[in-house]
Structures are given as C-alpha cells and as structure tokens.
Amino acid sequence: MVNETQHSCSASSSSRSDGGGSSSGSESSKDNSRCSTPVLDADRHERLREKMRRRQDAGDKWFSLEFFPPRTANAAVNLISRRVLQAGGPLFIDVTWHPAGDPGSDKETSSMIIAYTAVNYCGLETILHMTCCNQSKDDITGYLQKAKRLGLKNIMALRGDPAGEEWEEEVDGFNYAIDLVKHIRNEFDDYFDICVAGYPKGHPEAESYEADLRHLKEKVYAGADFIITQLFFRPETFLKFMKDCQAIGITCPIIPGIFPIQGYHSLRQLVKLSKLEVPQEIKDVIEPIKDNDAAIRNYGVELAVSMCRELLDSGVVHGLHFYTLNREVATTEVLKRLGIWNEDPRRPLPWAVSAHPKRRVEDVRPIFWASRPKSYIYRTQEWDDFPNGRWGNSSSPAFGELKDYYLFYLKSKSPREELLKMWGEELTSEESVFEVFTCYITGEPNRNGYKVTCMPWNDDPLATETNLLKDQLEKVNRRGILTINSQPNINGKPSTDPIVGWGPSGGYVFQKAYLEFFTSSEIVRALLKVLRRYELRVNYHIVNVKGENITNAPDLQPNAVTWGIFPGREIIQPTVVDPVSFLSWKDEAFALWIEQWAKLYEEESPSRMIIQYIHDNYYLVNLVDNDFPLENCLWQVVEDTFELLN
C-alpha cells in the first residue's frame, strides 16, 4: 500500500471428492463419521474483522506484515519458506498488486498465487490487494471470482498509482477505490472483508485534508470493514488522524502503517513515490550516515520502536501494520523490542493448519505427511469435506496424484548445488546413503564438512520433538533403518508443553510411539519374525514400491496416535495411522527418492544407480506401539531384529 507500483510497501473419507464431483458412500455413512467436537481454535472460524474486534476488546496488542510478490520463482520459494511467515504470530499478512507483473495470473510470482499460497499452504490470514489501474470492470470481477475460488477472503481495495504522470480515466473500469468497494459488495455481498487505505496527512491529490477524510468516510460507508494507513513519521500525526476520523463518524478499526527505515536510497524512493515529506529532524540524522546502511537501519529501528511505543501506550492503538519491503530483519527487531513478537506461537493442532475457508473444520490427518503438510494440502485440495472429530471408516480416500514436484511451494528451498553438498556429490554404496540420514539426525557435518539440514521427505531441520529420540534414531539409521518420521510416546503432558504441547491451555496431550522408515528386504524378513512376539502390542504396515504390502491393522481401521483432552470438550484425536492412506503416501514417499535425490545425478551414474536400487528394492515400514503408558518398545523391536540377523 505504500505504493502499488513499487512493491508498496468431517465426513468420512468416502465422501471426499476425487475432483470429478462424485462421491461414494451413503449419506448415513457421512453422518456417522461426523463429530460435534467444539472447535479448538476460534481464530480458524472467525473472519478477519471479527479477530480484530476480539483482540481489540481483549486489550491485546498485535501486528501484521506487508509483502510484495517476488520477481523470480526462486525468490517465491524463499519468501514462503522464510521464518517470518511461520513464526512471530502476525494477525494477517497482505500481498500487494502489481499491474505490470500479471498479478491475477497463475504465475508463481503473481500476487494472486502468492496470496493463495500464504492462505492454503502457510496457514496465514491474508489480504490480497486489488487496484483499479489498467483493468476493466470485467477483469476485476474475474479476479475477485478467482480469489474466492482459491479461498481468499480479504481484499484491500485501492485505486492504485497511475501508469504515467497523471491518472487516465478507465472507460470500462473504476477510477476510485470507492467504486471498487461498491462493486465488491454488489457482486459478492458480504463474502469478502474489505480494507481501504487511509492517509494521515491527507491524500496528495485530495483537495484538502478535510475533503480526504470525507472520502474515507464514504469508502467505509460503502462497505469497507477496516482501514490501514499510509506510512508516517511522527506518532502525533496518526493520533490526530484517528481522532479526526472518529469525530466525523468513522468507527471501524484503523491500523497505523509503520515503515522502519532500512536504507537511505529505499527511503528516498519511497518518499518520492508516496509524495511524503520527511521531517527535518530525521533528515538531520540520516544525511551524515547515508552511506552506512547498518547505522541507518539501527536508527530506523530505534525510531520505529519509539513511535510504536507511543502509539500503543495511547490506549487507542491495538495493532501495527509493517511495510517490510520483503526484508524482515528490522521489522522483527522492532517487534521483539516491543514485546509483541511471539517466538513460539502455540499450535492449535499438532500439524500445520491451512487457512482455506473450506478446511476450517479439518482437525484430523494421517501422520505420514507430518513433515510435508504442503503436499498433503495439495493432494487433498479437491475434497469437498474434511475429517472433523475423527478420520472415519476409510475405504478409498481420494488423494490427488502428486506429479507437480516443480511447484514452487512443494519443491526444496535449497538449490541443487547445496543439496549435492549435503547428500553427496558422489555416492559409493548404500552405506553412503545411511551416512546422509545419520548426519541429518545428529546435526553433525558430513565427511565433506557440510551439515545436512534437510532431506527429500523433510525440507526443514529436525523438529524439537524428534530431538527427544535423537540418540536412538542415530543408532538405527547407521544400521540401515532410514527413518523419515517418528514421534515419542507421551502420557498426559500439559497442552502448554513447549515441545509436544498443542491446543488450548489447561489440557493434556497423549501420543503413541511411532516410527516410519525405509529398509532392505533382508531386514524386513527378520523384522516380520520379530513382530510376531509383539503381535498384540505393535501395529505394523510394510509395503514396497510395487504395492506389495503386509499389515496387521484389523480390517484396515485407522489407529489414533495423537489425542488431547481439554476442559469442556470431547477428546480430540488429530493424528491417525490409516492403512489405506498409507498406500497413497507410499507412492509419494518412494517417488521422492527419484524426484528429489536421484535426479541430482547424471543418468546411469553410480550415484543415481544406488538411489534407484534403494527405490526399487527397499520397503517402507511404519510401526505403532499401542501401549503408550509403558516404555517405548519399538527400539527393542529394532534391536531384536538385528540380533536375529546376526
């Protein structure tokens, strides 16, 4: 919004659609799998304007962040995987609209797709900017329909900046933001929450400050739900603006736009585009240090912290909106200094939720995609219903096929060169692969001195929960039990536990021990003999790439492996081991050997042949220890297997 041209600043599985619109299973089976479990997280079920009101009424302080669409696909990968999007706890983010960048297209760098990805795959409440510039009424309607189809619920309605020096009339379009607001309300009723821009010093093209306030009131009365302001440099500027808005009857939330100064040239460019005047006292500080970016950034942080504290202390400001210019270091520092950066936001569920409206009731998933939630969301995007309360009796959950490994939100954020350094420029044996898995578990550098910070099945470092099993995982990986997923047994830890906790405060969480790994056919043969001794205690499922599988899951029923008990609620069981879904996961898990690892090497090379051999001959195994109050027996199962082999 700083400037649009310059980056501005549940039913049963059988009722899930396979994309063709048909479903199997009777209505009664649908109803039987429903559960009236109260929602765990109110945020997932509230509109953005409701969240603002609730936080404001509770006296909470919050923040939001603005980003612009990156210019390249690699930059898009980096943006959506950056920590600022996953941590800190922003109430929402917004994504700017760039008429020159094909913003409504399906390109991975378009405004539409970045916003869609943030909602669906990052679980972030997101506002999509939309401008009137160079767009017909039909164009805008089409973009709004697409936004709705993609699950976007919030629009920032702007006129936008003229393509040239002066604004040219849009004959078949809109010339003012108020026209866009009215159009959205006329065509889409109350579906979208609408944000509009406010100018604390008045819009530079307005007749007067007072006239601009009247125009703002008209936008609100036309249907806008809240206001985000242009940047400003003095807190009193915003406080006066807010008081003046209230005096003429504007009662919706007004959020101050904050721009931490990060560099001399970016400040000059921003000021030029937004036609703002930098106060002399700021110029006097910046001019002598204009060539020292670090000094300017430090000053910008101090200035922003001071201004934000005064705003928050006023009692009338509850939220702050930051123009990041896609550089989050200064913003993060300001928020930490203010005490409103949440270093470890509480998890509503044990897995990464989506903010897509149709997934609001979703509270159960198979454990297999624990480290690949974006893939799970992608493969279930065509479902009409999502499991709520329990997974249900699944005969054929219709997972979409995963062929699009190139999609920017599914591929690794590490470039090929880095992956080769981590996973081996050259592999000499299966043991070379064992070593890569072991280095990932231990965090120790590999033989070439590089740390393995990701794997094909997990693009991030180990979760803190997995660290509880680190010693045992290291031992088994060294011996060819190549683990890709695991969880410890938990018996009644508080839901506030910093490592395994999830859900509301005052509850208790439970887990069955789980272990999932690839291993050789020789080890599998021994493992099956050992598992006979644990038949009543351990559930297992073993499958190869051809789909030949062995399981002792009774009637292919799902097995709850994570659940929680909370005051005034039914038991929540958000994670299951589902034998039918495991066969869909199997296809993806095996394919990752080839798509993410083997293809790093030349065809017919020894390294590629080793990975291909593992893909063709190893088995994928999952084990569940059902006796969660007792000591985890799965390590003993593995130890017994190796003893039998020896």
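## A threonine in helix 5

Thr-117 is found in helix 5, in what is a predicted model. Is Thr-117 buried or exposed? With a relative accessible area of 0%, Thr-117 counts as buried, because the cut-off for that label is under 20%. The side chain of Thr-117 has a polar atom that lies 2.7 Å from the backbone oxygen of Ile-113.

Helix 5 spans residues 111-120 and, together with strand 2 and strand 3, makes a right-handed β-α-β unit. That takes us from a single side chain to the strands around it.

## Strand 3 and its partners

Strand 3 runs over residues 126-131 and is mostly covered, with six of its six residues buried. Its side chains split into two groups: Thr-126, Leu-128 and Met-130 point one way, while Ile-127, His-129 and Thr-131 point the other way. Both groups are buried.

Which strands pair with strand 3? One is strand 2 (residues 92-95), joined to strand 3 in the parallel sense over three bridges. Within this pairing, Ile-93 has Thr-126 as its bridge partner in strand 3. Another is strand 4 (residues 154-158), where the pairing with strand 3 is again parallel and runs over five bridges. Here Leu-128 stands opposite Ile-155 of strand 4. To get from strand 3 to strand 4, the chain crosses through helix 6 (residues 137-149), and this β-α-β crossover is right-handed.

## The eight-stranded barrel

Let's step back to the whole sheet. Eight strands close into a barrel in the order 1-2-3-4-5-6-7-8, with parallel pairing. On average, neighbouring strands of this sheet are turned by 30 degrees against each other, direction ignored.

Strand 8 (319-323) is a good place to see how the ring closes. Strand 8 pairs with strand 1 (residues 62-67) in the parallel sense over five bridges, and with strand 7 in the parallel sense over two bridges. His-321 of strand 8 appears in both pairings: Ser-64 stands opposite His-321, and so does Gly-257. Like strand 3, strand 8 is mostly covered; five of its five residues are buried. Gly-319, His-321 and Tyr-323 point one way from strand 8, and Leu-320 and Phe-322 point the other way.

## Helices lying across the barrel strands

Helix 9 (residues 235-247) lies across strand 5 (193-198), strand 6 (226-231) and strand 7 (254-258), and runs at about 160 degrees to strand 7. Helix 12 (residues 293-313) lies across strand 7 and strand 8, at about 170 degrees to strand 7.

In helix 8 (residues 209-221) you will find Tyr-221. Is Tyr-221 buried or exposed? Tyr-221 has a relative accessible area of 58% and is therefore exposed, the cut-off for that label being over 50%. The C-alpha atom of Tyr-221 is separated by 9.8 Å from that of Gly-249, although the two residues are 28 residues apart along the chain.

## The open antiparallel sheet

A second sheet awaits further along the chain. What is the strand order of the open sheet? Its five strands follow the order 10-13-18-14-15, with antiparallel pairing. The edges are strand 10 (482-487) and strand 15 (549-551), each of which pairs on one side only. Neighbouring strands of this sheet are turned by 10 degrees against each other on average, direction ignored.

At one edge, strand 14 (residues 538-544) and strand 15 run antiparallel and are joined by three bridges. Ile-542 has Ile-550 as its bridge partner in strand 15. Helix 17 (residues 470-478) packs on the sheet and touches strand 10 and strand 13 (513-519), its direction making about 155 degrees with that of strand 10. Helix 21 (residues 634-645) lies across strand 13, strand 14 and strand 18 (619-625), running at about 30 degrees to strand 13.

## Two nonpolar cores

How many residues does the largest nonpolar core have? It has 76 residues, and those with the most contacts inside it are Trp-423, Val-433, Trp-457, Phe-518, Trp-593 and Trp-597. Helix 19 (residues 579-597) gives the largest share of this core, eight residues. Leaving aside neighbours within four places in sequence, the contacts of Trp-593 include Val-433, Phe-437, Trp-457, Leu-482, Phe-518 and Ile-611.

Apart from this core lies another, of 75 residues. Among its members are Val-95, Trp-97, Ala-330 and Leu-410.

Methods. Residues are numbered from 1 along each chain as its sequence is written. This is a predicted model: local features need pLDDT of at least 70, side-chain atom pairs count only at pLDDT 80 or more; totals for chains, interfaces and linings use all residues. Side-chain values use heavy atoms; hydrogens and water are left out. Buried means under 20% relative accessible area, exposed over 50%, partly exposed in between (1.4 Å probe, protein chains only). Helices (H or I, at least four residues) and strands (E, at least two) are DSSP runs, numbered from the N terminus. Two strands pair if DSSP finds at least two bridges between them. A crossover is right-handed if, with the strands pointing away from the viewer, the path from the first strand over the helix to the second runs clockwise. Axes are lines fitted to C-alpha atoms, for helices over the stretch in contact, and angles run from 0 to 180 degrees between N-to-C directions. Contact means heavy atoms within 4.5 Å. A polar contact is a pair of N or O atoms within 3.5 Å; within protein, one must be able to donate a hydrogen and the other to accept it, and residues adjacent in sequence count only if both atoms are side-chain atoms. A nonpolar core is a set of buried Ala, Val, Leu, Ile, Met, Phe, Trp, Tyr and Cys residues joined through side-chain atoms within 4.5 Å.
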